[in-house]
Amino acid sequence: MLSTSTSIQHHLAIPPPRSCDTFVFVGATSSSGTLFGKNSDRPSDENHEVIRIPSCAHYDKGDYVECTFISIPQAQETLDCILSKPCWMWGCEMGANSFGVVGGNEAVSTLLADELLSPDDGSPTKRLLGMDLLRLSLERGKSSKHALDICIELLEEFGQGGPCCKEDSDWTYENSFLFADAKEAYVLETAGISHWAWERINAGEYRNISNGISIRSNWGALSKDIQSICKENGWWDGTAKFDWKRAVGAGGRAHSSLEACGREASGKMHLETLAAKSKTLQSPPNARWYVEQMALILRDEDSGICFRDLTGFCSTGSQISWLPKSSDVDDHSHFFTAASDPILAKYKRFTFADTIRSEKVDHGSNELWNIWRNIALQKLRLTGDILDMLSSIENDALAELDIQRKNTQNKSLSFADTVRKELDLLQKK
């Protein structure tokens, strides 16, 4: 058993997470849908890509999938996915699948974080990264609850851990996840190697996560032994309603930091404002309105939700998804910047109706990411004409939300086409 003081001392030895914000607003009516958004804040020089992984049947029961550090048994079927990820790792920071499930993960830190470190030399033990768990859940999960269950199953069987940065082998962290579909969403928070708690977000509700433990006493389920572990360590008295954050995040102590603060508080306020505004409009807001509101949230630099640091952390990728309550996956829209500055870079629309051109394709996203990075490093000023043309790319993508594609012969540009269009503009700067 760990003493409270010993565990807190170990906990402080691991640098606290300092980036990423994920949001969801689950539609309350049959005419609305689920709005999802995330900024991936990572080391500013870490290349990102947006890749599509087509569905695949794996007939050999002995097949293994090679994740970032370890290999695990492959599923019999993996789903068509679009993933935004650091190029060097197998897993992803955020993404979606063809069954209308979206997800993102966050770094968090608890009093059990020292479980991630080797007792021999204190280095991170290599298991599944949180990003691996997210990709595996999206590749296999046909609903948000199914993805949640898969993530928990893999977490318990293989555990989480390992260096989370290619250039810093000591940086490791626990994870939280947000999975959503058109009907509901789930927050999953982890502690140590394989402990967890989850919370459900119902229709008409909203939620954000932001690098901190946030589930309190409203959990839907807990990992098997976490309550006894917390009781043994003096983090829970065994009689009061179990408060996940107070126990694993604060050692049972009550203090002001248990309440949302910083980016988490700002994100919560943004969602409260969005929900309130949606009720005051003369007519129900459409999909475009919701996506535009999420873009404003993800571009909020003042709160820190949008990072623009050239040498530290920055928002290296950004995703917005709109999931209408429709069984037609072609109606689902996913928008990615594929660039490291969501204020300047524009959102480009992806749908699973796009033609699959190869086994794995990055749509030109890595090249685009590098161009935007060079523009930032060289502090280049784009002309007004180029900025206007870039804005038109996003406007055209948003306009697709207003068009019923089923009975029209006008085919919209694919995600790869819009990436190429943006590349061409920037290369003429």
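**View 1. Charged side chains of the protein chain in a predicted model.** The protein chain carries 46 positive and 60 negative charges. The mean position of the positive charges and that of the negative charges lie 3 Å apart. About 18000 Å² of the protein chain is exposed, and carbon and sulfur atoms supply 48% of that area.

**View 2. Helices and strands of the protein chain.** The chain contains 10 helices and 18 strands. Its radius of gyration is 21 Å, close to the 22 Å that the globule rule gives for 429 residues, so the chain is as compact as a globular protein of that length. Along the principal axes, the C-alpha atoms fill a box of roughly 65 × 50 × 50 Å.

**View 3. Burial and contacts within the protein chain.** Of the 429 residues, 57% are buried. Among contacts with a separation of 6 or more, 71% join residues that are 24 or more positions apart.

**View 4. The largest nonpolar core, with Trp244 and Trp372.** This core has 51 residues, and Trp244 and Trp372 are the ones with the most contacts inside it. Helix α10, residues 415-427, gives the core its largest share, five residues.

**View 5. The surroundings of Trp372.** Which residues does Trp372 contact, leaving aside its neighbours within four places in sequence? They are Ala339, Leu344, Ala345, Leu382, Leu390, Glu422 and Leu426.

**View 6. A second nonpolar core, separate from the largest one.** This second core has 28 residues. Cys67, Leu128, Phe179 and Trp196 are among them.

Technical notes:
Residues numbered from 1 in each chain as written. Predicted model: local features only at pLDDT ≥ 70, side-chain atom pairs only at ≥ 80, totals over all residues. Heavy atoms only, no water. Helix = DSSP H or I, 4+ residues; strand = E, 2+ residues; numbered from the N terminus. Rg over C-alpha atoms; globule rule 2.2 N^0.38 Å. Buried < 20%, exposed > 50% of the residue type's maximum accessible area, 1.4 Å probe, protein only. Contact = heavy atoms within 4.5 Å. Areas by Shrake-Rupley, 256 points an atom, 1.4 Å probe, with all protein chains shown as cover. Lys, Arg positive; Asp, Glu negative; His and termini not counted. Charge placed at Lys NZ, Arg CZ, Asp CG, Glu CD. Core = buried A, V, L, I, M, F, W, Y, C linked by side-chain atoms within 4.5 Å.
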